[in-house]
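I opened this model to look up a pocket, a helix and a few backbone oddities. My notes are below, in the order I made them.

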Amino acid sequence: MNATETIVVSRLQLLEKQLLVLYRVSSVLNKSLDMKQTLAEVLKILHDDAGMHHGIVTLSDPSHGGLSVGSIHVESEEIKRSSNSVRYRPGEGIIGRIFESGESIVLGRISTEPRFLDKLELYDLELPFISVPIKSRGGKVIGVLAAQPAILSDIRVMLPDCTRLMEMVANLIVQTISLAHTVETEKQDIKEERDELRRQVRSKYGFDNMVVGHTEQMRRVFDQVRRVAKWDSTVLIRGESGTGKELIASAIHYNSPYANNPFVKLNCAALPETLLESELFGHEKGAFTGAVRQRKGRFEQADGGTLFLDEIGEISPLFQAKLLRVLQEGELERVGGTTTVRVNVRIVAATNRNLEAEVEQGNFREDLYYRLNVMPIKIPPLRERIEDIPDLTEFLLAQLGKQQGRKLTVTDNAQRMLMSHHWPGNVRELSNCLERAAVMCENGVIDRDVIFLSGLDIDSAVSIKPSIAQTNLDINDPDMDERERVVAALEQAGWVQAKAARLLGMTPRQIAYRIQSMNIRVRKI
């Protein structure tokens with residue numbers, strides 16, 4: 001076999017190896033979105049199967065406008081660590097020139113090129129060096145792939161084939177690099193969006209925006225929430241329907257160390273006992289008809305965070321025993337399962353029932369009551385903090401104004417009317433009343449007539465205890481109607497009719513007649 005035939009055979013063998021290399025590289029590129037791991041495996045294939053040693057991939061780095069090392073194939077861990085700090089400016093050395101020009105550069109012997117920079121001291125200066133650009137679909141250079149071929153029998157013949165292999169590999173990996181950049185960008189966008197949403201939620205449920213109120217009862221509630229939020233103690237929120245128990249639970253979670261973890265809610269009164277067990281504990285596949293797959297319950301979903309159990313007083317005594325075990329041991333078994341699942345969940349429960357009376361009547365387990373009642377928080381009804389109504393009205397109208405895209409205000413007469421109602425539905429009723437009034441007013445000013453049209457039950461007016469705001473009303477205010485003036489005088493007189501009559505310049509008989517004809521409910525002192 002002559003020299004020409006030998007070269008042909010060697011070249012055919014090289015091309016067969018390169019075909020196998022391309023197949024293995026393409027297989028690797030389809031395995032993972034981890035760019036560093038994928039590039040490391042590609043360089044290892046070039047080293048082991050194609051004889052391309054000391055492979056290196058440098059990628060564009062927007063932070064300094066040049067190239068940084070994305071991956072390198074060397075045995076020395078020290079060199080791998082030091083490569084993290086290596087940078088190439090555009091036009092700097094061979095790699096920098098390729099980044100700037102977008103053209104491949106092949107050196108028959110490194111020592112013949114004075115501009116070659118061996119920043120990592122890797123290469124044999126007497127061997128060839130191949131460096132090719134990695135171009136995006138639009139032709140922009142986003143990186144450089146480089147390696148040093150092993151000793152070749154005929155450099156002039158074999159180097160073009162090795163260069164074509166490197167260029168084909170660069171064309172293959174560009175998709176992986178672009179996809180990795182896209183995924184990283186989207187992850188960063190999602191992370192920023194998540195952080196922004198977290199800031200908004202924390203702002204919404206911050207102590208300043210938690211519940212509006214300046215009365216002594218509400219300041220006491222705020223202080224309790226601040227104190228308990230820092231720890232993982234179980235909290236039992238007590239209060240009538242509509243007082244804002246869920247809002248308090250949210251404030252506790254979002255101001256606690258668990259704020260970045262799940263906050264899961266469940267209304268225990270909304271589900272029958274059979275579904276409640278599956279909803280809280282989860283179920284295994286085939287546990288019952290319709291259980292086509294395993295499902296995690298609310299306890300597992302809230303693992304590491306907070307579980308809010310609303311209307312806890314509505315659950316049956318049988319289910320109370322099952323719930324007690326989870327609260328005591330932190331362990332549960334899914335419906336239809338035998339495996340014990342451990343959970344770490346902070347419990348915040350709420351009820352409008354008198355649990356003490358329920359315990360005495362045997363409707364609520366005493367041990368569960370004491371397990372839940374670690375840190376009780378009692379939210380007063382709105383009728384016991386009438387002084388908060390102006391602040392609540394302003395706060396609620398600001399929220400409604402944002403929804404409707406306009407400014408909403410309330411007149412003094414309407415405000416006095418709101419303060420004379422006993423609000424059996426608490427803050428929820430006040431919110432609904434204001435929303436109806438906002439819908440019915442055309443100019444954004446809610447006056448007394450609009451409040452009347454909103455359906456407020458004025459027959460129950462002044463059935464509340466005296467308030468600071470009402471006792472300071474000016475009975476000579478020209479904006480008052482006669483009924484409001486009589487009510488204001490009675491408030492100032494401590495509901496002594498004779499004294500109120502003197503304030504109004506009336507006789508006791510005259511004021512008694514007005515109280516009866518205006519349907520004013522007289523308060524007993």
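These entries cover one pocket, one helix and three single residues.

Entry 1, the model. I note at the start that this is a predicted model.

Entry 2, the pocket. I looked up the second largest pocket and read a volume of about 460 Å³. It is lined by 21 residues, and those closest to its centre are Met-35, Leu-59, Ala-180, His-181 and Glu-184. I then asked which elements give two or more residues to this lining. They are helix H2 (35-50), strand E1 (52-61), strand E2 (66-72) and helix H5 (155-204). H5 gives the largest share, with 7 residues. Sorted by class, the lining of the second largest pocket holds 8 nonpolar, 8 polar and 5 charged residues.

Entry 3, helix H16. I checked the length of H16, which runs over residues 426-440. At 1.5 Å a residue, its 15 residues should span 21 Å, and I find 22 Å between the end C-alpha atoms, which agrees. Next I listed the buried residues of H16: Asn-426, Val-427, Leu-430, Cys-433, Leu-434, Ala-437 and Ala-438. Viewed down the axis of H16, these buried residues fall within an arc of 135 degrees, so they line one face of the helix. I also asked what covers the buried residues of H16. The cover includes helix H14 (389-404), helix H15 (412-419), strand E17 (445-446) and helix H17 (448-453).

Entry 4, positive phi. Most residues other than glycine have a negative phi. I wrote down two that do not follow this. Glu-311 has a phi near 55 degrees, and it sits in the loop between strand E11 (306-310) and helix H11 (317-329). Is Glu-311 buried or exposed? Its relative accessible area is 16%, and the cut-off for buried is under 20%, so Glu-311 counts as buried. Asn-426 is not a glycine either, and its phi is positive at about 60 degrees. Asn-426 is in helix H16, and at 0% relative accessibility it is buried.

Entry 5, Pro-381. I looked up Pro-381 and found it in the loop between strand E15 (375-378) and H14. Pro-381 is buried, at 3% relative accessibility. Leaving aside residues up to four places away in sequence, Pro-381 touches Glu-240, Thr-243 and Asn-426. That Asn-426 is the residue of H16 noted above for its positive phi. I also took the distance from Pro-381 to Pro-424: they are 43 residues apart along the chain, and their C-alpha atoms are separated by 8.3 Å.

Note on methods:
Residues numbered from 1 in each chain as written. Predicted model: local features only at pLDDT ≥ 70, side-chain atom pairs only at ≥ 80, totals over all residues. Heavy atoms only, no water. 1 Å grid on protein atoms, 1.4 Å probe; cavity = no way out; pocket = protein on both sides within 12 Å on 5 of 7 lines; lining within 4 Å. Points joined across faces, edges and corners; volume = space filled by probe spheres on them. Nonpolar A, V, L, I, M, F, W, Y, C, P; charged D, E, K, R; others polar. Expected span 1.5 Å × (residues − 1). Buried < 20%, exposed > 50% of the residue type's maximum accessible area, 1.4 Å probe, protein only. Arc of directions from axis to C-beta. Contact = heavy atoms within 4.5 Å.
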